Amino acid sequence: MSNKSEMIDRGRRSFIGTAAGVTAVTLAPGVVLHKLAAAEPRSEAVTDDVRWGMLIDSNKCAEGCDACVTACNSENGLDLQQKPEGEDEAKWDRQVAKWIRIVKVEDNLSGRVSKLPMMCQHCEHPPCVDVCPTGASFRRADGIVLVDRHICIGCRYCMMACPYKARSFIHEAVEAKLTRAPRGKGCVESCNLCVHRRDNGEPSTACADACAAEGHDAIVFGDLKDADGPLRRALAALPSRQIRQDLELNTGVRYAGV
Amino acid sequence: MANGVVRDIIRATGLAGVLCALAVHAADDGTNVIPGSKAAQLDSCVEPTEFMRRNHMELIKHQRDETVHQGIRSTKHSLAGCVECHVSYGADETPVPVNAEGQFCNRCHEFAAVGVDCFGCHATVPDNVSEGAGGGTARGDVSWHSSFAMSVPRLEGQEPAVLGEDKRP
């Protein structure tokens with residue numbers, strides 16, 4: 001990678017974003033900010049006084065464990081997807097929607113292998129939002145990057161733009177779906193940090209809960225802006241990094257031990 | 001010019017006809033609410049029935065934007081609320097999808113020849129129950145699931161930076 005391409009021109013990105021008519025959700029003036037009461041459906045718009053994120057400790061991510069993937073599939077109805085009759089197994093495996101992928105990275109020199117769950121990184125400057133022609137891909141005020149599938153036209157530019165290969169396209173009509181996780185043919189989707197749980201005031205995500213239940217505690221979910229919260233305490237205690245930090249996307253999901 | 005006026009008259013007549021037909025259709029047994037659904041036990045919908053008949057789509061559309069973009073899920077105009085209240089149950093206590101033939105959504109929409117796009121993505125029965133007459137799958141009965149964990153991609157390189165490489169077909 002040349003020095004020139006490593007330089008990030010934030011002004012250019014911002015200009016392109018504006019030109020594409022992609023704007024973040026703005027807070028109406030006069031809206032009073034306050035903390036969300038626990039376990040109650042949200043009645044006021046989300047605000048940017050929180051930013052949801054995660055810290056994933058690759059060292060604690062156990063070999064052979066896929067509890068986070070299984071929990072995510074079940075929480076978000078991904079396990080209800082059905083392979084169309086006669087579809088090639090390998091093709092289906094490439095195309096079926098997955099919100100979390102278990103990825104192994106190996107250092108060629110030392111041979112050290114790191115295993116980590118890879119999902120939407122909930123960037124502060126998400127490339128998927130930059131490229132979306134309809135504004136369907138957007139970043140919510142609380143930092144969650146998600147797709148408004150009511151206006152997604154299925155062009156898949158966001159899938160090409162995402163450096164983390166985090167998004168999936170739904171190729172076929174979906175028969176069974178959950179109320180909390182709508183899903184339909186022709187739209188793109190990805191991890192939304194269990195947005196229904198956020199809106200109902202629940203404390204964690206399905207993947208973090210499953211990881212804790214397995215006793216690994218590799219995933220810490222929390223508010224990046226809460227200096228006394230569990231996430232910030234974990235980030236202060238461990239050296240962590242963003243994957244593809246060179247892109248300066250300021251990801252909401254951080255990794256330790258890679 | 002004259003053609004335009006004639007066309008307008010035809011349009012207006014047609015529209016009036018459809019509205020009359022809808023009114024007659026709704027009035028033939030007084031209601032389209034399915035017996036056995038939660039809605040059948042209530043006096044009226046979340047708004048007066050007449051208002052809901054004409055404006056339910058506007059309420060749902062407004063609510064959807066508030067929910068997706070602002071996370072507001074506490075109001076009474078949610079599609080999930082419609083489904084939960086209007087779904088009816090078959091002989092074996094399994095819920096019948098609201099858009100199945102003869103069910104609440106389907107009865108009017110088929111008569112008025114207006115497609116319902118909601119259920120291309122949204123669930124037609126409440127969560128935590130397996131689907132009834134409309135087909136579909138019970139939870140856990142997923143053929144590809146066992147092979148899922150086996151197929152994790154192995155990316156090799158000196159830096160995790162190779163994750164940016166797109167190997168998507």
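# A tour of chains A and B

Start in chain A by selecting strand β1, residues 52–57: five bridges join β1(A) to β8(A), and these two strands run antiparallel. Now pick Gly53(A). Its bridge partner in β8(A) is Gly222(A). Keep in mind throughout that this is a predicted model.

**The sheet around β1(A)**

Widen the selection to the whole sheet. Four strands of chain A make an open sheet in the order β8-β1-β10-β9, and the pairing is mixed. Where are the edge strands? Select residues 219–223 for β8(A) and 240–241 for β9(A); each of these edge strands pairs on one side only.

**Helix α3 of chain A**

Next, select residues 67–75 of chain A. This is helix α3(A), and it is mostly covered, with seven of its nine residues buried. Which residues of α3(A) are buried? Colour Ala67(A), Cys68(A), Val69(A), Ala71(A), Cys72(A), Asn73(A) and Glu75(A). A general point helps when reading such a list: an α-helix has 3.6 residues a turn, so residues three or four places apart point the same way.

What covers the buried residues of α3(A)? Show β2 (101–106), β3 (113–118) and α8 (206–213) of chain A; the cover includes these elements and also β8(A). The edge strand β8(A) from the sheet thus turns up again here, as part of the cover over α3(A).

Step past the end of the helix. Gly77(A) follows α3(A), and its phi is positive, near 65 degrees.

**Asp130(A)**

Select residues 127–131 of chain A for helix α5, which contains Asp130(A). Is Asp130(A) buried or partly exposed? Asp130(A) is partly exposed, because 18 other C-beta atoms lie within 10 Å, and a residue needs 20 or more to be buried. Now draw a distance from Asp130(A) to Arg244(A). The two are 114 residues apart along the chain, and their C-alpha atoms are separated by 17 Å.

**Chain A as a whole**

Zoom out. Chain A holds nine helices and 10 strands. It has 258 residues, of which 43% count as buried. Of the contacts in chain A between residues at least 6 apart in sequence, 65% join residues at least 24 apart.

**Over to chain B**

Select chain B. Six helices and three strands are found there. Along the sequence they follow the pattern α-α-α-β-β-α-α-α-β. Chain B has 169 residues, and 20% of them count as buried. Among its contacts with a separation of 6 or more, 56% come from residues 24 or more positions apart.

Now select residues 49–70 of chain B, helix α2(B). Where does α2(B) bend? Centre on Asn55(B): the helix bends there by about 70 degrees. Then add the buried residues of α2(B), which are Leu59(B), Thr67(B), Val68(B) and Gln70(B). Move one step on, to Gly71(B), just after α2(B). Gly71(B) takes a positive phi of about 75 degrees.

**Last stop: confidence**

Colour by pLDDT. The mean for chain B is 72, and 60% of its residues reach 70 or more. Then select residues 130–169 of chain B, where the pLDDT is below 50. Beyond near neighbours in sequence, this stretch has 68 contacts in the model. Where pLDDT is low, the predicted coordinates should not be read in detail. The model scores ipTM 0.81 and pTM 0.75.

Methods:
Residues are numbered from 1 along each chain as its sequence is written. Chains are lettered from A and ligands numbered from 1 in the order in which they are written. This is a predicted model: local features need pLDDT of at least 70, side-chain atom pairs count only at pLDDT 80 or more; totals for chains, interfaces and linings use all residues. The bend at a residue is the angle between axes fitted to the seven residues ending there and the seven starting there. A residue is buried if 20 or more other C-beta atoms lie within 10 Å of its own, exposed if 12 or fewer, and partly exposed in between; C-beta atoms are placed from the backbone. Two strands pair if DSSP finds at least two bridges between them. Two residues are in contact if their C-beta atoms, placed from the backbone, lie within 7 Å. pLDDT is the predictor's confidence in each residue, from 0 to 100.
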